[in-house]
Amino acid sequence: MPFSHHSHSGQFCAHAQDNLEDVVKAAIARKMQILALTEHMPREQQDLYPEEASIAGSYTEKVLLHTFRQYYVEARRIQQAYLADINILIGMEVDWIRPSSKVYIQDLLTEYPLELFIGSVHHVHCVPIDYSIALFDEARNLSGGSNEKLFEDYFDLQYEMLTALKPPIVGHFDLIRLKSDEPNTNFAGMEGVQRRISRNLTFIANYGGVLELNSAALRKGLKEPYPNAEISKQFVALGGRFTISDDSHGIDQLGCHYRELLGFAKEAGILQIIYFEKGSCDKDVRLPNNVTSKAIPLSELESHPFFA
């Protein structure tokens with residue numbers, strides 16, 4: 001049963017493509033059975049993404065709030081319209097930027113009865129770290145000029161997010177390596193970084209969070225998905241749980257590199273994959289609307305015609 005718990009559309013995300021309904025139709029055509037709609041949360045004016053800030057007047061904090069409201073209404077309509085064809089979950093991707101993000105996020109979770117949310121970090125020192133090398137360098141300079149210190153700051157900020165929110169799904173755990181000088185790094189020899197990774201993974205495993213195996217890293221030219229093999233094996237040893245996501249930003253990216261993703265999971269020693277669905281009586285207490293997590297053996301997932 002192929003699925004993705006992380007997706008975006010051009011209708012509600014400035015750096016994505018295609019209308020939301022067209023994305024859902026494409027997922028159905030590709031025989032995906034579960035699709036989580038997880039548009040980015042609205043952000044404060046000072047935190048506009050570069051592509052938003054470049055269009056003067058088109059994006060403001062007020063506009064982003066209105067857009068998210070439109071997204072939620074449209075997602076609910078689509079969820080009902082295609083109820084017989086696909087299990088749609090409505091959620092959002094959290095952007096943790098600073099400690100005050102907590103109140104902003106909790107207000108959104110109170111206002112919108114979402115079925116899940118992804119906890120992600122895209123900024124360090126309030127600077128986007130996955131948008132361009134120039135902005136990555138700016139964040140690195142604010143960390144003192146070294147990759148190692150920036151990596152430490154990233155995982156510290158992630159820990160803030162984890163302890164404040166305990167997100168059901170943790171997004172692209174080691175995204176920080178994408179624009180670095182060594183995007184395929186396993187953080188070898190960086191003792192401070194390794195300690196922080198271990199701390200974060202242990203916390204996630206203890207509260208029952210799920211790490212996404214995110215194939216977008218492969219799409220962007222990295223050799224391994226997020227998280228890399230060393231981190232994935234460490235989480236396996238902790239009894240941690242994984243799901244799979246394409247982090248798609250349009251129709252062309254749905255299920256992208258999923259065959260490689262399953263091969264990676266097998267080599268990392270992952271035996272089962274978690275998915276979320278509505279309607280079960282065994283509710284995950286961190287999720288609203290009667291949503292729960294279930295597991296499918298990796299071998300069973302591999303046998304689905306989607307992967308033939």
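Biologist: Which residues does Arg140 touch, not counting residues up to four places away in sequence?

Modeller: In this predicted model, Arg140 has its place in helix 5, residues 133-142. Leaving out residues up to four places away in sequence, the residues that Arg140 touches are Gly145, Ser146, Asn147, Leu150 and Asp181.

Biologist: Is Arg140 buried or exposed?

Modeller: The relative accessible area of Arg140 is 12%. Buried means under 20%, so Arg140 counts as buried.

Biologist: What is the length of the polar contact that joins the side chains of Arg140 and Asp181?

Modeller: Asp181 is among the residues that Arg140 touches. A polar contact needs N or O atoms within 3.5 Å. The one that joins the side chains of Arg140 and Asp181 has a length of 2.9 Å.

Biologist: How many disulfides are there?

Modeller: A disulfide is a covalent bond between the sulfur atoms of two cysteines. The rule asks for sulfur atoms within 2.5 Å. The sulfur of Cys13 is 17 Å from the closest cysteine sulfur, that of Cys256, which is too far for a bond. Cys256 is likewise in no disulfide, and the count comes to 0.

Biologist: Which strands stand at the edges of the sheet?

Modeller: The open sheet has 7 strands, paired in parallel in the order 1-2-3-4-7-8-9. A strand at the edge has a single partner strand, so one side of it is left without a neighbour in the sheet. The strands placed this way are strand 1 (3-4) and strand 9 (241-245).

Biologist: Which residue stands opposite Ser4 in strand 2?

Modeller: Strand 1 runs parallel to strand 2, residues 34-40, and 2 bridges join them. In strand 2, the residue opposite Ser4 is Leu35.

Biologist: What angle does the direction of helix 3 make with that of strand 3?

Modeller: Helix 3, residues 61-81, packs on the sheet and touches strand 2 and strand 3 (87-95). The angle between the directions of helix 3 and strand 3 is about 160 degrees.

Biologist: And which strands does helix 9 touch?

Modeller: Helix 9, residues 229-237, also packs on the sheet. Its direction makes about 140 degrees with that of strand 9. The strands touched by helix 9 are strand 8 (210-214) and strand 9.

Biologist: Which helix gives the most to the largest nonpolar core?

Modeller: That core has 92 residues, and Ile273 is one of those that touch the most other members. Beyond its neighbours within four places in sequence, Ile273 is in contact with residues including Phe3, Leu213 and Phe242. With 8 residues, the helix that gives the most to this core is helix 6 (residues 147-165).

Technical notes: Residues numbered from 1 in each chain as written. Predicted model: local features only at pLDDT ≥ 70, side-chain atom pairs only at ≥ 80, totals over all residues. Heavy atoms only, no water. Core = buried A, V, L, I, M, F, W, Y, C linked by side-chain atoms within 4.5 Å. Buried < 20%, exposed > 50% of the residue type's maximum accessible area, 1.4 Å probe, protein only. Helix = DSSP H or I, 4+ residues; strand = E, 2+ residues; numbered from the N terminus. Contact = heavy atoms within 4.5 Å. Pairing = 2+ DSSP bridges. Axes fitted to C-alpha atoms, helices over the stretch in contact; angles between N-to-C directions. Polar contact = N/O pair within 3.5 Å; in protein donor to acceptor, adjacent residues only side chain to side chain.
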